[in-house]
Amino acid sequence: MLKETLIRELAAIVGEERVVTDPEAVLDAAKDYIGYRRYQRDDGHNRVPVAACVVRAGSTHQVSEVLKFLNDNKVDVVPRTGGSSVTRGLEPVAGGVILDGSDMNEILEINEEDMYVTAKCGTPLEYIENCLNQKGYTAGHFPQSFPLAQVGGLLATRSIGQLSTLYGGIEDLVVGLEAVLADGSVIRIKNVPRRSVGPDLRHLFIGNEGMLGFITEATLKIFKYAPENRWMKAYGVHGMKNGLNLIHEVMKEGYRPAVVRLHDPVEVQQVLKIDAPEGMALLMFMCEGPAGITKATGAGIEEIAARYGVMDLGTKPVEHWLVTRNDVCNDMDKPIYYNMGGVVDTCEISANWSVIGKIYEDVCERLKAEIPSLILCGGHSSHSYMQGTNIYFEFGYLVTGGADQAESEYMHIVSIIMEETLKYGGSIAHHHGSGKYRTPWMPLEHGSSYPLMYKLKEALDPNGILNKGVILVDKK
Ligand SMILES: Cc1cc2nc3c(=O)[nH]c(=O)nc-3n(C[C@H](O)[C@H](O)[C@H](O)COP(=O)(O)OP(=O)(O)OC[C@H]3O[C@@H](n4cnc5c(N)ncnc54)[C@H](O)[C@@H]3O)c2cc1C
């Protein structure tokens with residue numbers, strides 16, 4: 001369809017004021033914070049396919065009408081809300097449409113009896129949390145992108161927050177939702193505490209990254225908010241493996257601290273810049289909830305930690321982390337390490353306790369051996385479970401060959417992390433999602449279950465208009 005016709009038809013559906021065609025605004029809506037794009041943006045030369053326009057939907061009805069029209073005319077579309085993607089998830093097909101739900105910004109209900117909050121897809125997480133805190137509740141969901149992310153994107157990327165060891169990931173917090181399929185049909189999954197009525201359809205949309213449907217509304221659990229009951233403690237630990245074993249024991253004993261973070265010495269000195277003994281890893285715990293539980297959990301952690309020869313660092317490092325933990329969001333448009341001519345970024349994976357230490361060691365060893373331009377190589381574990389934990393690798397490299405090399409070097413580093421993770425049976429994405437940059441590894445990640453993903457796509461989006469390139473390798 002001709003660009004002019006597409007824009008005219010969309011304006012007829014949602015009103016002219018909701019169709020954005022300003023070239024800068026259209027590019028801006030496709031902006032993604034993956035490290036090499038941040039670097040590449042700096043020379044002013046755009047490397048991202050350009051959409052025909054952005055449609056700013058104002059209601060579920062508009063999302064439905066727009067999708068129906070795009071589906072009938074086989075026009076590609078990328079759903080969007082907060083725009084904090086770090087995986088190239090928002091990059092469109094050239095000439096396609098970006099459907100932005102961030103104007104759908106409203107809390108519909110805070111239900112203190114059934115303990116949930118219902119909000120439209122464009123409601124910022126930070127706003128929801130502030131409203132809940134005023135009533136003595138919390139959503140318990142604190143991704144580092146807390147000041148940026150909105151409800152639709154949080155669900156679509158299967159997001160996780162810094163207090164996940166207690167509250168879980170978004171998949172544990174979603175009670176019900178509303179979504180629109182590619183053909184415009186609106187589906188609603190009602191709000192009940194549990195159901196035993198077949199496969200759980202919420203999971204078709206949680207983590208779908210905009211390729212199976214557009215999430216228009218969600219209902220999330222809420223919890224009592226009592227920061228005065230918090231227990232926190234930091235320890236210096238000799239070696240990552242030692243720290244991982246300690247966390248493993250805490251989890252195995254059945255304790256549920258809200259925050260469990262183990263930063264390797266490189267991160268402590270170069271990234272966190274926390275005053276901690278040189279050469280030691282930093283382990284931080286924070287417990288939340290009723291006072292009796294946080295006190296008992298703290299005592300249990302202290303008892304286990306004492307057996308690992310840790311150094312007690314008090315509460316200051318945790319307090320410092322609590323107030324600085326999302327600062328990175330203040331300056332997202334500045335290329336990181338630009339002044340040094342390099343790229344810094346992160347890549348998160350997960351694996352069982354039996355192999356996670358090996359993955360951490362092997363990745364670091366290979367990066368140091370195979371990437372001569374490497375200037376930063378570290379990592380941390382920040383989301384722990386009974387079965388295992390994540391490692392959030394943090395890497396940096398100097399760019400000497402221009403913007404193209406910034407990308408190829410980045411993908412070389414990522415491929416090492418993916419290979420080592422898959423070798424040990426881990427998952428190549430703990431919480432940022434596949435986006436478009438991790439798609440090549442998806443067949444290996446999913447193995448024999450991967451063909452099911454195509455069947456879901458075929459059933460829900462037979463014309464393949466929704467967010468082409470995420471999760472599914474293009475068969476053509
Ligand atoms: C500084 C920083 C820190 C981060 N920290 C974390 C973290 O701690 N934990 C974490 O999990 N993630 C983190 N992220 C990644 C990202 O912010 C999250 O994945 C977030 O959930 C995305 O929400 P958003 O509203 O910004 O979505 P967007 O960026 O708008 O979209 C993200 C993806 O979801 C799809 N999508 C968006 N809205 C919808 C919708 N309504 N329906 C269907 N699909 C949709 C898009 O097509 C895209 O593929 C971080 C990102 C940044 C920049």
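**Ligand shell, nonpolar cores and selected residues**

A backbone N or O atom of Gly 89 lies 3.4 Å from an oxygen atom of the ligand, a polar contact in the sense used here (a pair of N or O atoms within 3.5 Å; within protein, one must be able to donate a hydrogen and the other to accept it, and residues adjacent in sequence count only if both atoms are side-chain atoms). The structure is a predicted model, in which local features need pLDDT of at least 70 and side-chain atom pairs count only at pLDDT 80 or more, while totals for chains, interfaces and linings use all residues. Residues are numbered from 1 along each chain as its sequence is written, and side-chain values use heavy atoms, with hydrogens and water left out.

Two further glycines approach the ligand through their backbones. For Gly 82, a backbone N or O atom is 2.8 Å from a ligand oxygen atom; for Gly 153, the corresponding distance is 3.4 Å. On its own the ligand has 970 Å² of accessible area, and the protein covers 97% of this (Shrake-Rupley method with a 1.4 Å probe; for residues, only the protein chains shown count as cover). Elements giving two or more residues to the surrounding shell are β3 (77–80), α6 (151–156) and β10 (214–221); here helices (H or I, at least four residues) and strands (E, at least two) are DSSP runs, numbered from the N terminus. The largest share, four residues, is that of α6.

Which residues come nearest to the ligand? Of the 34 around it, they are Pro 79, Gly 82, Ser 84, Gln 144 and Ile 160, where a residue is near a molecule if one of its heavy atoms lies within 4 Å of it. By character, the shell comprises 14 nonpolar, 18 polar and two charged residues (Ala, Val, Leu, Ile, Met, Phe, Trp, Tyr, Cys and Pro count as nonpolar, Asp, Glu, Lys and Arg as charged, and the others, Gly among them, as polar).

Attention now turns to the interior. In soluble globular proteins, nonpolar side chains tend to be buried together. In this model the largest nonpolar core has 107 residues, and those with the most contacts inside it are Leu 155, Phe 285, Phe 393, Tyr 397, Tyr 410 and Ile 417. Such a core is a set of buried Ala, Val, Leu, Ile, Met, Phe, Trp, Tyr and Cys residues joined through side-chain atoms within 4.5 Å. Helix α14 (residues 353–370) supplies eight residues, the largest share of this core. Beyond its neighbours within four places in sequence, Ile 417 is in contact (heavy atoms within 4.5 Å) with Cys 347, Ile 349, Val 363, Phe 393 and Phe 395. A second, separate core of 26 residues includes Val 14, Val 19, Val 63 and Phe 69.

Two individual positions illustrate buried surroundings. Ile 304, in helix α12 (residues 291–306), counts as buried because its relative accessibility is 4% (buried means under 20% relative accessible area, exposed over 50%, partly exposed in between; 1.4 Å probe, protein chains only). Its C-alpha atom is 7.5 Å from that of Glu 249, although 55 residues separate the two along the chain. Sequence neighbours within four places aside, Ile 304 contacts Leu 246, Glu 249, Val 250, Glu 253 and Tyr 255.

Is Lys 233, in strand β12 (residues 231–237), buried or exposed? At 10% relative accessibility, Lys 233 is buried. The Lys 233 side chain makes a polar contact of 3.1 Å with the side chain of Glu 302. Among the residues that Lys 233 touches, not counting those up to four places away in sequence, are Leu 283, Met 284, Phe 285, Asp 312 and Val 318.

The strand β5 region offers a partly exposed counterpart. Glu 106 sits in the loop between β4 (97–100) and β5 (107–111) and is partly exposed, with a relative accessible area of 38%. Glu 106 and Lys 120, 14 residues apart in sequence, are 5.5 Å apart C-alpha to C-alpha. Glu 109 lies in β5 itself and is also partly exposed, at 33% relative accessibility. The side chain of Glu 109 makes a polar contact with that of Asn 111 (3.1 Å).

Finally, positive phi values occur in two residues other than glycine. Arg 158 has a phi of about 55° and lies in the loop between α6 and α7 (164–167). For Asn 467, phi is near 30°; this residue is in the segment after α17 (450–460) and is buried at 2% relative accessibility.
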